[in-house]
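Got the viewer open? Load the model, colour it by secondary structure, and we'll walk through it stop by stop.

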Amino acid sequence: MKMIKVRILNAELEADLLNPEVARKYEEGAAGIAEKANKAKLCESFCEAIEVQCNAVIHFIDDIFGIGSAKEAVGEETDLLTCLEAYRDIVNAYEKQVIPYLHKFQTEIGMKASEGE
């Protein structure tokens, strides 16, 4: 299994991101963060909504990259803006970090990347 490193905020985290099961889990988990953020609008208090959104990001990072990874990325104590910045990095990770890495590797070994990647 080949671990792929990505940067989430200032942390370099790694996971087997080109494993189809991990990629599916990543995709579904990232979408789950957005769903929880939308549901947070229904919270009775603003602080509860912040907590729901931050916890969604934190749980995603720990689930994909391993327990403790979220603290490495967003810190011991965090805030909504930091978590939203982490979410931005999460949703852009494949397009901006993983796929370019894959294309570079394919070029190095003489393979052409397939269209649509």
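Start with the whole chain: four helices and two strands, where helices (H or I, at least four residues) and strands (E, at least two) are DSSP runs numbered from the N terminus. Along the sequence the order is β-β-α-α-α-α. Before zooming in, note that this is a predicted model, with local features needing pLDDT of at least 70 and side-chain atom pairs counting only at pLDDT 80 or more, while totals for chains, interfaces and linings use all residues. Residues are numbered from 1 along each chain as its sequence is written, and side-chain values use heavy atoms, leaving out hydrogens and water.

Show just the C-alpha trace, and you'll see it spans about 55 × 25 × 20 Å along its principal axes. Of the 117 residues, 35% are buried (under 20% relative accessible area; exposed is over 50%, partly exposed in between, with a 1.4 Å probe and protein chains only).

Next, select helix H1, residues 20-40. Its 21 residues should span 30 Å at 1.5 Å a residue, and the end C-alpha atoms are indeed 30 Å apart (the expected span is 1.5 Å times one less than the number of residues). Now pick out Val-22, Tyr-26, Ala-30, Gly-32, Ile-33 and Ala-40, the buried residues here. Look down the axis: they fall within an arc of 160°, so they line one face of H1 (the arc is that of the directions from the helix axis to the C-beta atoms). Swing to the other side for Pro-20, Glu-21, Glu-27, Glu-28 and Lys-39, which are exposed. Helix H2 (46-65) and H4 are among what covers the buried residues.

Stay on H1 and show the side chain of Tyr-26. Which aromatic rings link up with Tyr-26 into a cluster? Phe-60, Phe-65 and Tyr-94 do, through ring pairs; rings of Phe, Tyr and Trp (its six-membered ring) pair if their centres lie within 6.5 Å, and planes under 30 degrees apart count as stacked, over 60 as edge-to-face and the rest as tilted. The count comes to three aromatic pairs. Tyr-26 and Phe-60 have ring centres 5.0 Å apart and planes at 75°, so they sit edge-to-face. That pair joins H1 to H2 across 34 residues. Tyr-26 and Tyr-94 also have centres 5.0 Å apart and planes at 75°, so this pair is edge-to-face. With Tyr-94 in H4, the pair ties together parts 68 residues apart in sequence.

Last stop: Asp-89 in H4 (residues 80-108). Is Asp-89 buried or exposed? At 15% relative accessibility, Asp-89 counts as buried. Show its contacts (heavy atoms within 4.5 Å): leaving aside residues up to four places away in sequence, Asp-89 touches Arg-7, Ile-8 and Leu-9.
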